[in-house]
Amino acid sequence: MISKHTTDKLAKAWLWMSAILIILILLSVLGYIFVMGIGAMSVSFLLDMPKNNWREGGIFPAILGSLIVVVVAISFAGPVGVGTAVYLTEFQKEGNVSRIIRISSDALNAVPSIVFGLFGLSLFVFYLKDYTGGPSLLSAGLTLGFMVLPTIIRTSEVAMRSVPYAERMESYGLGASKLQTIRNIVLPGAVPGIATGLILSIGRAVGETAPIIFMVALNPTIPESLFGSGNTLTTQLYYLAMEGISLKVAFGTALTLMLIILILNAITRVFKKRLSRNLRRG
Amino acid sequence: MKLFDPEKGVATVLMVFSITSILILSLIMLFILDGGLPLFNKVGITDFLFGDKWIPAKGLFGASQFIIAALLVTFGSVLIAVPLGISCAIFLAEIAPLWAKRIVRPAIELLAGIPSIIYGVFALVVIVNLVKISFSLASGETILAASMVLAIMILPIIISISQDAIESVPRLYKEGSYALGATDWQTIYRVIVPAAGPGIIAGVILAMGRAIGETMAVVLVIGNVERMPTSLVSPGETLTSAILLEMGEAVVQSVHYNALFCLGIVPFVLVLVLSVLSSKLITKSKARFA
């Protein structure tokens, strides 16, 4: 019979293996995209217009399109999400209203991305066509904004709750009003957490494909306005890979997207370090 | 007396902001039902759920093959991800030295942040070929390939929720076990894992929801054949991938369009049920040690 100490060693070896395996999976995904994409990557790839049905040239319109939809999404979800968090932490702490808001926000977070796509299609592209320009960058951006809203609410709420109660009391003790306390104590203290949430949401918005796939057009042109049609990195990548148009450009696009995600991830880590310092201080 | 109280003004504005998420959720339900339900004027609900012929041109909308494929892909991915994910969660919570945690935690966060389309493109070449060679198939675009890529994508959810659950097991439990002469491993699988059980199951359930709802990574590797899948190494088409592929050709408000919205209702409802179940379990498992 194997002794319990041998079993213990074997089990621990497996636990170590599992963690190593996960690191290896991550490295193989990153490494593979890097190796396959680096051949296409250059400054002109990022800044040129596509040529010959995306087989040559660059991916500038898609980069610009991604940037625009993300700006639209965050311009909507940022204020609304942070505002909701302020309301939930400072005005309406408990009670039925805040419970329903939390449940809706959690449910919204669980909605599959393709369902957001169907919703965006029927709301923005058909019902509100006259206001959004139908399948436009505005429609795509707003759909993504709806999708990242729960993330912003949750991270901002956590950030505001982490501001010590005592600091709020000190502020009131000095005669500050509720609004002054929120502006001078709660919001500044929550900034690293809110920023982390916003960057997380930018990462999600820039990487999503399914919610906006019905609202983009595969035009190799610069988007004219918010109400005009456009393309993003993700949707272009989908078409290139699915139709097998050019794997080289597809992997170049994938690498571009991945580098954006890596940079955003690095920024989040800086904010998180600050956040944990704040918590220790508090 | 002040005519305008700025605090009340701000409170009202913030309340409007807060109601936005309720409004969006309600609108989503409304629009998805509005898009989907007209189907049942033409096709019976049982024909939709259990029929296995999906031929839009002939007015046949049996979605069972998509439902079966989605369930197979989901269970496959959970089967692959659960052993690995829970082991890694135990590793992080119980035995990892600080330096190892500092490497593995960020790696898992990054894994969670990689867009699904990137996983799709990776799997399209790497996993598909792996499956093709391992099973000597004509094409590796199969249910199994989709399960494998989904397994990678749901690992972070399983790991982070299981780790939370394991770490919330009180020290007393562990100390009691050690005092009886148990080894680390005996303590882990006889005491800690059972105590953290509901939390771990909550993570797995949430991961299932994520897998059912995933579209982009699946559509690139599953082969997209509208046929009832016969095995894990046969191609298929899931609910989400069918919507993605067919929406372009469906005429607005046609029966086909309605049917595609109905395909969306199925994962929507499943995912909502699973996420409610999961958060109930998490609350329950937290209450156990409180």
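**Exercise 1. Decide whether Phe91(B) is buried or exposed, and find what surrounds this residue.**

Solution. Phe91(B) counts as buried because 25 C-beta neighbours lie inside 10 Å, given that a residue is called buried if 20 or more other C-beta atoms lie within 10 Å of its own, exposed if 12 or fewer, and partly exposed in between, with C-beta atoms placed from the backbone. This is a predicted model, in which local features need pLDDT of at least 70 and side-chain atom pairs count only at pLDDT 80 or more, whereas totals for chains, interfaces and linings use all residues. Residues are numbered from 1 along each chain as its sequence is written, and chains are lettered from A and ligands numbered from 1 in the order in which they are written.

Next, place the residue: Phe91(B) belongs to helix α3 (residues 64–95) of chain B, where helices (H or I, at least four residues) and strands (E, at least two) are DSSP runs numbered from the N terminus. Finally, list its partners, taking two residues to be in contact if their C-beta atoms, placed from the backbone, lie within 7 Å. Neighbours within four places in sequence aside, Phe91(B) is in contact with Leu15(A), Trp16(A), Ser18(A), Ala19(A) and Ala96(B).

**Exercise 2. Describe the contact between chain A and chain B from the side of chain B.**

Solution. Begin with the counts, which are 68 residues from chain B and 69 residues from chain A. On the side of chain B that touches chain A, helix α1 (residues 6–36) of chain B gives the most, with 18 residues. Then sort that side by class, which yields 50 nonpolar, 16 polar and two charged residues; here Ala, Val, Leu, Ile, Met, Phe, Trp, Tyr, Cys and Pro count as nonpolar, Asp, Glu, Lys and Arg as charged, and the others, Gly among them, as polar.

**Exercise 3. Locate the largest nonpolar core and the residues that touch the most other members.**

Solution. A nonpolar core is a set of buried Ala, Val, Leu, Ile, Met, Phe, Trp, Tyr and Cys residues joined through C-beta atoms within 7 Å. The largest one has 185 residues, of which Ala123(B), Ala145(B), Val149(B) and Val221(B) touch the most other members. Helix α6 (residues 143–167) of chain B gives the most to this core, with 18 residues. Domain 1 (1–37) and domain 2 (43–281) of chain A both contribute residues, so the core lies between them, the domain bounds coming from an automatic or database domain assignment. As a last step, examine Val221(B), whose contacts beyond four places in sequence include Ala123(B), Ala145(B) and Val149(B).
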